[in-house]
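Student: I would like a close look at one part of this model. Please take me through the salt bridges, one pair at a time, and then through one helix.

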Amino acid sequence: MSFLASSISEILARIIVLFTAITVHEYAHGYVAYKLALNFPEKYCAAGGFASPLDILSVIDSFTKDQPQNHPFKVAFGSSDDIRGTKHDVIDLAGKLKKEGKLMPRLWSVVGYNDFGYPQVKGAMEKFKAADVEVTALYDEGRHGFDMWDGYIERFFDWLGLERV
């Protein structure tokens, strides 16, 4: 395999991993892509999220308030205090990378105004902005689901700058 072919294969494999992460779990899709890209910016040049719960601290607080200890978010993350400022806190992590002038992956997000997660995504975008982290954030009239996201998948790949074959 030539260097170019192996490089393209490696790049596509990484994009596929991130795109797969987008659809891993109902609550974690784009968050996982952001977490991978921000924890390993030398491996991932970009991450995208479709109505993604990126402010995991507020998600944990809102989903686990008055919930038993076996709630899935409590089991997976503990409390928001347990992960604040750690590798799981993608907003803080992005801010640190930016502030320290380290390699920074490009970040992309889309959410519909009628999506139940819109307030959380909008709040996360405001926190990224306050941390001086640039995110390409798109908003549309859609709801939470592929009826809206399907129209943005191609735009996401265009944003990545992938050549069509």
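Tutor: Here is a walk through the charged pairs, followed by a stop at a helix. Keep in mind that the model is predicted.

Start with the idea. Side chains of opposite charge can pair when their charged atoms come close. This structure holds four salt bridges. We will visit some of them, including the one between D81 and R84.

In that pair, the side chains of D81 and R84 meet with 3.2 Å from N to O. How exposed is D81? Its relative accessibility is 59%. That value is over 50%, so D81 counts as exposed. R84 has 46%. R84 therefore counts as partly exposed, because 46% lies between the 20% and 50% cut-offs.

Next, go to D92 and K96. Their side chains form a salt bridge too, with an N to O distance of 3.0 Å. Where do these two residues sit? Both are in helix α6, which covers residues 90-99. D92 and K96 are four residues apart there, so about one helical turn separates them. D92 is partly exposed, at 28% relative accessible area. K96 is also partly exposed, at 37% relative accessibility.

Now take E100 and K102. A salt bridge joins their side chains, at 3.2 Å from N to O. E100 has a relative accessibility of 51% and counts as exposed. The cut-off for exposed is over 50%, so 51% passes it. K102 has a relative accessible area of 48%, which makes this residue partly exposed.

Finally, turn to helix α7, residues 118-130. Q120 is found in this helix. Is Q120 buried or exposed? Q120 is buried, because its relative accessible area is 19% and the cut-off for buried is under 20%. What does Q120 touch, leaving out residues up to four places away in sequence? The list is S52, P53, L54, D55, S58 and V59. Look at D55 in that list. A polar atom of the Q120 side chain lies 3.1 Å from the backbone oxygen of D55.

Helix α7 also holds G123. G123 is partly exposed, at 21% relative accessibility. Now compare its place with that of S58, one of the residues that Q120 touches. G123 and S58 are 65 residues apart along the chain. In space, their C-alpha atoms are separated by 9.3 Å.

Conventions: Residues numbered from 1 in each chain as written. Predicted model: local features only at pLDDT ≥ 70, side-chain atom pairs only at ≥ 80, totals over all residues. Heavy atoms only, no water. Buried < 20%, exposed > 50% of the residue type's maximum accessible area, 1.4 Å probe, protein only. Helix = DSSP H or I, 4+ residues; strand = E, 2+ residues; numbered from the N terminus. Polar contact = N/O pair within 3.5 Å; in protein donor to acceptor, adjacent residues only side chain to side chain. Contact = heavy atoms within 4.5 Å.
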